[in-house]
Amino acid sequence: MNRSNGHLEQQNMHQRRQKDIDILRSHLETSIGDDTLVNGRTEQVAPSDSTIRVPSKQKSDDDITVHTSNVSRVKKKRRTRWSGTLLCIRVLMLDLPSLVIFSVLIGMCCLEYIYHEYHLKTLIAASRAGNDEQLRKEFTYYDRECSISDLSSKRGEGLLLSNNTTPEEAIDIVMTHGTGLIPGLLKHETMKELREYIDNRNNHLDKAEKIPVSQGKKRVSFGIEATEDPIIATALKELANHKLLEALLHGLVGEDPALTEITAITARYGAKNQAWHPDVKPDGNALKFARTYSHSYSLFIPLQDTPPEMGATTVCPGTHYCVSWDDTQEMCEQNGFQVSDSFPEKVWKAGNGFILNQQMWHRGAKHNMKGAEDRIVFIVSFIGRPDQTRQLSRGTYFHMKWLMWGHTFKDLHDAHISMAKPYSIFRSLSIWKPPNRNYGYDLITATIMRIANMQMGGHPDELPRFKKQVIEKIFHLPERLQGPVTNSNNAWLIYLEETMKKLINLLFMINAGIMTTFGIIICLIGVSKRSFRPLKTASFHMIFTHGLPALFAWRVLEGIRSSEWGRGVTTGRIMRPPFPDHLGSIKDTDVSNGPTTMPTRHDILIGSRFDAPYLGAYGRWLEYHPGNVEFQNQILKCKKMPPVLDSPCLHSIIVNQKGRILEQDWTNGDWRIMTPLESYRYAHMTLKKARNYMVDSMTKSLAILIAHNRFDIRDSEMSRGMRKQLNDLKTRMFDIVLPTSEEAVEEAFRRNRRIGASLGIGSVLPRIPDMLAKSYTQTQLIKTSPRWTNLSAKETLQVGDRVYINYNEEGAWFRGFIQKVRKNGSLDISYDDGEKQSYVPSRLVVLDLPLKENMIVTFEGGEGIVKRVTPDGFIDIITSDGKLVKSINPTKFGRLLS
């Protein structure tokens with residue numbers, strides 16, 4: 001009985017197991033489709049096989065255990081698939097949006113921080129617009145007016161370089177004339193293909209791509225990207241491989257100059273003459289303020305033979321030295337010439353470029369050659385690389401695509417690689433560059449400088465155009481998220497700051513909303529499951545969406561802070577004033593104590609503010625000043641004479657020179673008249689340098705060291721001691737026995753006068769005594785006739801001299817300059833008010849002697865004595881009641897010259 005019952009129980013158990021297996025088999029068939037369970041494994045059944053192999057009832061307990069284990073794995077696999085799907089949904093719907101929004105938020109916060117900590121400081125330091133007091137501390141030259149005598153070439157003579165021209169000769173030509181013609185810059189095939197490409201682009205430009213140009217009705221201009229077509233990179237490479245051009249640019253503006261423009265200008269038939277202009281404003285001139293603004297050059301390359309009728313560019317050589325615009329346009333209108341005049345065939349040959357100092361006056365000429373092709377010119381411009389004090393010259397347009405900023409001359413060698421995306425974007429934003437390359441001016445710095453000085457592209461009037469074409473058209477930023485557009489000079493700053501604040505507030509609210517919603521959901525899930533696991537998941541979510549962007553932002557900010565640029569901004573080295581404020585308090589200067597004066601073109605200028613290696617050839621600007629050129633020519637004549645005749649020869653130079661010897665006060669830039677003793681000593685030093693190349697080189701090196709000590713090192717006892725030692729060393733280099741007093745100098749002059757006259761070295765011409773005149777402005781009627789010596793105009797007056805004229809012998813004296821000296825001694829005069837007069841008798845003309853300290857002047861407040869004359873012609877005076885009046889404009893006073 002017991003055995004029968006046990007047998008039945010065992011049979012029932014097997015039936016129950018079989019029933020469970022049938023249920024599992026049915027479940028498995030539903031879950032895994034055509035896979036059939038066979039002996040604890042899944043076996044693939046052919047689609048045509050309808051037979052299902054069922055496990056035998058005689059399988060062991062181990063087989064049943066295997067079946068159960070497989071079922072568990074299948075269930076786990078289903079859960080994993082479901083969890084993966086949920087994870088993907090969460091990442092796409094929650095994590096990525098959170099990551100993007102928080103990244104943008106923290107990016108905007110970083111941008112605002114960088115703006116306030118770096119860019120705003122740079123902008124304030126770079127600002128010179130309207131800051132006359134700061135600029136007037138930074139003079140290196142003076143406000144020099146132009147006259148016809150300043151034109152260095154009348155019909156293109158002396159401008160054409162050749163393949164045999166040395167770099168030194170090329171630099172001398174460009175420094176003298178402000179321009180030079182360079183043959184063979186591009187190959188014929190390159191020019192042809194480049195012209196076809198630009199011509200095709202001209203026909204498909206949209207409005208946003210076009211660059212505004214003067215007289216632009218029949219002219220088209222646009223910016224070019226170096227890699228937008230292979231022919232552009234090829235042309236740039238050919239320019240970089242031109243040895244003379246490379247040496248010329250490196251000599252003019254410094255090694256590896258920065259790139260500031262790649263454009264093309266097309267003039268079609270019917271284009272009119274442009275107005276005469278330089279590309280630099282007077283208050284942003286790199287000659288007048290050589291340590292404040294960088295000097296720049298443009299290279300113009302015609303892509304077809306260009307005769308005068310097709311509009312070859314018109315130039316006015318020599319005007320790059322003239323920083324005053326008075327009368328210059330009319331003078332160039334009468335005496336300028338087209339570049340084609342420099343070639344024997346009178347045709348500006350294709351591929352022969354001319355390099356242009358952007359301070360020189362020029363204009364695009366009219367195209368009136370009917371039936372001729374369009375005149376297309378390819379333009380590339382360069383400027384000295386950024387340094388601690390200089391910035392982009394004011395007035396220059398620098399038309400260049402945004403991603404081309406940050407590159408230099410070296411990058412032209414492999415433009416197809418180094419100037420291609422994404423590298424060009426990194427360079428433009430100053431994010432990264434190859435280790436063997438230099439940074440040019442990056443986009444952000446260039447933009448800051450434009451805004452700081454209200455230049456084209458950064459002027460407040462151009463903000464609405466920027467808002468419409470960039471912010472709204474490209475970024476699609478709605479009006480409510482933008483800052484206000486105001487009419488103030490700080491319009492750009494107000495707009496940018498308010499726009500950043502609105503964007504940050506919006507992004508902060510969105511991010512806070514997402515995080516709040518996510519936090520509530522996590523808390524509800526945790527409460528429902530009574531588990532802290534959702535909080536753990538939320539922590540990993542926060543690390544991914546917020547921690548990583550925050551870590552990356554911190555690393556970027558640290559990189560900026562520790563970079564050379566970041567340290568330079570925070571320490572005040574970047575865009576610092578070129579001349580420290582403490583210079584005004586220095587009293588023990590080693591310069592002449594003579595009266596301050598306004599220089600003229602005939603004066604000999606001894607500068608102290610051009611001595612810097614980063615200025616390139618600009619460090620030698622004063623060597624090309626007319627008075628210095630004439631003085632140096634006379635010194636070379638003395639060099640050829642025996643040393644025993646040095647004194648009478650130098651005496652002849654000093655006495656017979658038309659101008660004065662002026663020394664620049666290095667503390668404020670003023671020009672001071674040297675005493676006879678100081679002039680005599682300087683002449684001897686100059687002669688010794690001319691005879692000894694080693695002494696000349698050492699003197700120049702010492703001048704650079706002294707200037708570095710004066711302007712680039714913090715004032716201290718050590719720096720003052722070093723400056724004294726350098727000056728002593730400079731003095732010991734010239735072991736010259738000189739008179740020790742002014743009386744001894746005058747006695748030496750009288751003795752040398754006799755010796756010089758007997759040897760025929762030079763004659764001593766009489767001097768015109770100072771005029772005694774009265775006027776209330778420079779061009780107004782002079783009421784008192786001046787006293788003057790009746791000398792022949794051919795002997796004493798020259799073209800370009802500033803003079804006073806007794807108009808029609810009516811007793812009214814007006815100011816002007818001499819345009820022409822005729823054979824009969826009469827003069828052609830150009831008055832300051834624009835009127836011209838020919839055949840004026842020389843007896844009606846007297847020299848307008850330069851303004852100088854201690855003269856008596858009249859102004860709106862009465863009369864006073866000039867206490868100081870600055871290089872721009874402004875004066876400080878002491879009135880009759882002892883008050884000091886500073887910075888009186890030259891148009892607001894007249895002179896009582898005596």
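Asp256 sits in the loop that runs between α7 and β5 (258-267). In this predicted model, the phi of Asp256 is near 50 degrees, a positive value in a residue other than glycine. Asp256 has a relative accessibility of 0%, so it counts as buried.

Another loop holds a residue of this kind. Met575 lies between α15 (564-570) and β12 (596-597). Met575 is not a glycine, yet its phi is positive, at about 60 degrees. With a relative accessibility of 4%, Met575 falls under the 20% limit and therefore counts as buried. A further backbone feature is found in the loop between α9 (415-418) and α10 (423-428), where Pro422 lies. The peptide bond that joins Lys421 to Pro422 is cis, with omega at about 0 degrees.

These loops belong to a protein with 22 helices and 25 strands. Of its 898 residues, 48% are buried. Among contacts with a separation of 6 or more, 74% are between residues 24 or more positions apart.

Helix α4 shows how buried residues of one helix meet other elements. This helix covers residues 167-177, and its buried residues are Ala170, Ile171, Ile173, Val174, Met175 and His177. They pack against two strands named β3 (179-182) and β6 (296-302), against helix α7 (243-253), and against β9 (353-357). Directly after α4 comes Gly178, which has a positive phi of about 85 degrees.

The next topic is the packing of helix on helix. Two packed helices are described by the angle between their axes and the distance between the axes. For helix α13 (residues 491-529) and helix α14 (residues 533-562), the angle is about 160 degrees and the axes are 9 Å apart. Angles over 145 degrees count as roughly antiparallel, and α13 and α14 are therefore roughly antiparallel to each other. Their crossing is right-handed. On the α13 side, the contact is made by Asn511, Met515, Phe518, Ile522, Ile525 and Gly526, and on the α14 side by Pro534, Leu535, Ala538, His541, Met542 and His546. By class, eight residues of this contact are nonpolar, four are polar and none is charged. An α-helix has 3.6 residues a turn, so residues three or four places apart point the same way.

A second helix pair involves α16 and helix α17 (residues 646-656), which pack at an angle of about 160 degrees with their axes 10 Å apart. The helices α16 and α17 are therefore roughly antiparallel to each other. The crossing of α16 and α17 is right-handed. Phe631, Gln634, Ile635 and Cys638 of α16 make the contact with Asp646, Cys649, Leu650 and Ile653 of α17. The residues of the contact between α16 and α17 comprise six nonpolar, one polar and one charged.

Aromatic rings are the last topic. A pair of aromatic rings is described by the distance of the centres and the angle of the planes. With ring centres within 6.5 Å as the cut-off, the count comes to 16 aromatic pairs. One of them joins Phe289 and Tyr293, whose ring centres are 6.3 Å apart and whose planes stand at 70 degrees, so the pair is edge-to-face. Both Phe289 and Tyr293 are buried. Phe289 and Tyr293 also form one aromatic cluster with Phe139.

Phe631, already met in the contact of α16 with α17, takes part in an aromatic pair with Tyr682. The ring centres of Phe631 and Tyr682 are 5.8 Å apart and the planes are at 20 degrees, so this pair is stacked. The pair links distant parts of the chain, since Phe631 belongs to helix α16 (residues 626-639) and Tyr682 to helix α18 (residues 676-691), 51 residues apart. Phe631 has a relative accessible area of 4% and is therefore buried. Tyr682 is also buried, because its relative accessible area is 17%, and the limit for buried is under 20%.

Note on methods. Residues are numbered from 1 along each chain as its sequence is written. This is a predicted model: local features need pLDDT of at least 70, side-chain atom pairs count only at pLDDT 80 or more; totals for chains, interfaces and linings use all residues. Side-chain values use heavy atoms; hydrogens and water are left out. Axes are lines fitted to C-alpha atoms, for helices over the stretch in contact, and angles run from 0 to 180 degrees between N-to-C directions. Helices (H or I, at least four residues) and strands (E, at least two) are DSSP runs, numbered from the N terminus. Angles under 35 degrees count as roughly parallel, over 145 as roughly antiparallel, 65 to 115 as roughly perpendicular and the rest as oblique. A crossing is left-handed if the near helix is turned anticlockwise from the far one by less than a right angle, and right-handed if clockwise. Contact means heavy atoms within 4.5 Å. Ala, Val, Leu, Ile, Met, Phe, Trp, Tyr, Cys and Pro count as nonpolar, Asp, Glu, Lys and Arg as charged, and the others, Gly among them, as polar. Rings of Phe, Tyr and Trp (its six-membered ring) pair if their centres lie within 6.5 Å; planes under 30 degrees apart count as stacked, over 60 as edge-to-face and the rest as tilted. Buried means under 20% relative accessible area, exposed over 50%, partly exposed in between (1.4 Å probe, protein chains only).
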